[in-house]
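Student: Please take me through the structure shown below, one question at a time.

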Amino acid sequence: MFKKFTKDDVHSRSNIKSSAQRGLKSKFVGQFEALEPAIDSIIPKKSQAILIKCEDKIQLYSVENEIVLFQHFDDLIPALKIVHKYPQCFPRVQVDRGAIKFVLSGANIMCPGLTSAGAKLPEENIENESIVSIYAEGKENALAVGKLVMSTDEIKSVNKGIGIEVLHYLGDGLWNLKE
């Protein structure tokens with residue numbers, strides 16, 4: 001999604017009203033319930049959030065010159081820097097070492113990369129279309145954020161095809177975007 005993203009893809013910037021900011025916070029917490037204790041440090045009450053409209057119906061939300069989340073259609077997706085600060089707040093999957101270079105070049109994650117020896121899927125099922133943070137075998141921080149193409153139970157049973165659509169990864173255009 002952000003593979004070739006640059007400042008030229010940004011169309012407009014506007015401040016968000018405080019009422020819309022409260023709505024954004026509650027929608028974000030509604031999507032990721034574990035964020036409840038951390039939401040006021042991600043989007044502080046007295047801060048000014050900025051909506052940045054971009055190409056392809058992508059909207060970035062910036063607080064204090066840092067992109068904290070982005071929206072694509074109805075999905076609110078945390079920026080990778082927020083996932084690094086609050087890793088316990090987001091559903092987590094792990095890919096094997098072999099998938100790292102492909103993920104860091106923007107490729108989607110195939111099911112075998114999620115079910116092999118070094119990979120880990122959570123015990124409880126995560127529904128398809130859910131947003132997950134993607135970690136790599138032997139690495140401490142998340143390397144990407146993606147959207148499940150099929151549920152984790154389906155990934156385990158089918159073990160074929162694309163399992164996760166990668167939306168944002170280390171080193172992509174959004175990661176390198178300076179306000």
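Student: V149 interests me: what is its relative accessibility, and does it count as buried, partly exposed or exposed?
Tutor: The model is predicted: local features need pLDDT of at least 70, side-chain atom pairs count only at pLDDT 80 or more, and totals for chains, interfaces and linings use all residues. Residues are numbered from 1 along each chain as its sequence is written, and side-chain values use heavy atoms, with hydrogens and water left out. Buried means under 20% relative accessible area, exposed over 50% and partly exposed in between (1.4 Å probe, protein chains only). V149 has a relative accessibility of 39%, so the residue counts as partly exposed.

Student: In which loop does V149 lie?
Tutor: Helices (H or I, at least four residues) and strands (E, at least two) are DSSP runs, numbered from the N terminus. V149 lies in the loop between β9 (144-148) and α6 (152-158).

Student: Which strands stand at the edges of the sheet with the order β1-β2-β3-β4-β5, and why is one side of each left without a neighbour?
Tutor: This open sheet has 5 strands with antiparallel pairing, where two strands pair if DSSP finds at least two bridges between them. Each edge strand has a single partner strand, so one side is left without a neighbour in the sheet; the edge strands are β1 (10-15) and β5 (75-78).

Student: Which residue in β3 stands opposite I50?
Tutor: Strands β2 (residues 49-54) and β3 (residues 58-63) run antiparallel and are joined by 5 bridges. The residue in β3 opposite I50 is S62.

Student: Which strands of the sheet does helix α1 touch, and what angle does its direction make with that of β5?
Tutor: Contact means heavy atoms within 4.5 Å. Axes are lines fitted to C-alpha atoms, for helices over the stretch in contact, and angles run from 0 to 180 degrees between N-to-C directions. Helix α1 (residues 18-31) packs on the sheet and touches β2, β3, β4 (66-72) and β5; the angle with β5 is about 80 degrees.

Student: Which residue in β10 stands opposite K147?
Tutor: A further open sheet of 5 strands has the order β6-β8-β9-β10-β7, with mixed pairing. Within this sheet, 5 bridges join β9 to the antiparallel strand β10 (residues 162-169). The residue in β10 opposite K147 is E165.

Student: How far apart are the closest N and O atoms in the salt bridge of D75 with K147?
Tutor: A salt bridge is a side-chain nitrogen of Lys or Arg within 4 Å of a carboxyl oxygen of Asp or Glu. D75 in strand β5 and K147 in strand β9 are 72 residues apart, so the pair links distant parts of the chain. Both residues are buried, and their closest N and O atoms are 2.6 Å apart.

Student: E129 also forms a salt bridge with K147; which of these two is buried and which is partly exposed?
Tutor: The closest N and O atoms of E129 and K147 are 3.4 Å apart. E129 is in the loop between α5 (112-115) and β8 (131-136), 18 residues from K147. At 46% relative accessibility E129 counts as partly exposed, whereas K147, with a relative accessible area of 17%, is buried.

Student: Which residues are linked with K25 in a network of salt bridges?
Tutor: The side chains of K25 and D40 meet in a salt bridge of 2.8 Å, N to O. K25 is in helix α1 and D40 in helix α2 (residues 39-42). The residues linked with K25 in the network are D40 and K45.
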